[in-house]
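Let's look at how charged side chains pair up in a protein, and then drop in on one more residue elsewhere in the chain. Have the structure open while you read.

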Amino acid sequence: MKKVISIVLVIMTLVGLMIPVFANADSTKWVNCANGKKLNVRETAGGKVMYRLPCGTQVTIQSSTSAPKGWAFIKAPGHAKGGYVMTKFLVSSKPGKYQITERDDSFVTVTPYKVSAKAINKKSDRSVGLRVSPNKSSRAIRRLTAGDTLQVIARGKTWSKVVDMTTGNTGFVANAYMVKQ
């Protein structure tokens, strides 16, 4: 019985010693900032910009270096020196072309004009989704059909803010899936 208790205590001690190792494990993330924008890598949190990383760049968060809330210390390929970035621009999986979210301040209000939704492919009249935010993975308000009329009220680099003329709903559609009337 003493032997079993000794073995259990040794195992518990080893597991207890390993917890800090797992807690400080570095993690891989990807840069996800507004399309066309680059992420500032700084000397200190909020400090001088050292270099900028394009969207989709893979980085490693260095958990051994402490950072203030909302910030992370990262290492990026091709850069010998690590730096601090805002964590709101880091995601767990590589973003696709239309998954990169455009920030609200990147949209330019335009004189409203009408467009038609385009089909996804030549074999279908199905089109893209009218979404609640400018991101492919955001919730769709409804699925558009090729030819549906939309009114563009603000334009971004990859997405536009539109009014669905059929339902009156306001949402976002990728620019590649619209054609001006």
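In this predicted model, Arg142, Asp148 and Asp164 are joined in a network of salt bridges. Some background helps here: side chains of opposite charge can pair when their charged atoms come close. The structure has two salt bridges, and here they are:

| Salt bridge | N to O distance |
|---|---|
| Asp148 with Arg142 | 2.9 Å |
| Asp164 with Arg142 | 2.6 Å |

Take the Asp164 pair. Asp164 sits in strand β12 (residues 159-164) and Arg142 in strand β10 (residues 140-145), so this salt bridge ties together parts that are 22 residues apart in sequence.

Now for a question about the surroundings: is Asp164 buried or exposed? With a relative accessible area of 0%, Asp164 is buried. Asp148 counts as buried too, at 15% relative accessibility. Arg142 has a relative accessible area of 22%, so it is partly exposed; the cut-off for buried is under 20%.

Next, move over to Val91, which belongs to strand β7 (residues 90-91). Val91 is partly exposed, at 24% relative accessibility. Which residues does Val91 contact, leaving aside its neighbours within four places in sequence? They are Lys29, Trp30 and Asn32. You can also check Val91 against Thr28: in sequence the two are 63 residues apart, while in space their C-alpha atoms are 9.0 Å apart.

Definitions and conventions:
Residues are numbered from 1 along each chain as its sequence is written. This is a predicted model: local features need pLDDT of at least 70, side-chain atom pairs count only at pLDDT 80 or more; totals for chains, interfaces and linings use all residues. Side-chain values use heavy atoms; hydrogens and water are left out. A salt bridge is a side-chain nitrogen of Lys or Arg within 4 Å of a carboxyl oxygen of Asp or Glu. Buried means under 20% relative accessible area, exposed over 50%, partly exposed in between (1.4 Å probe, protein chains only). Helices (H or I, at least four residues) and strands (E, at least two) are DSSP runs, numbered from the N terminus. Contact means heavy atoms within 4.5 Å.
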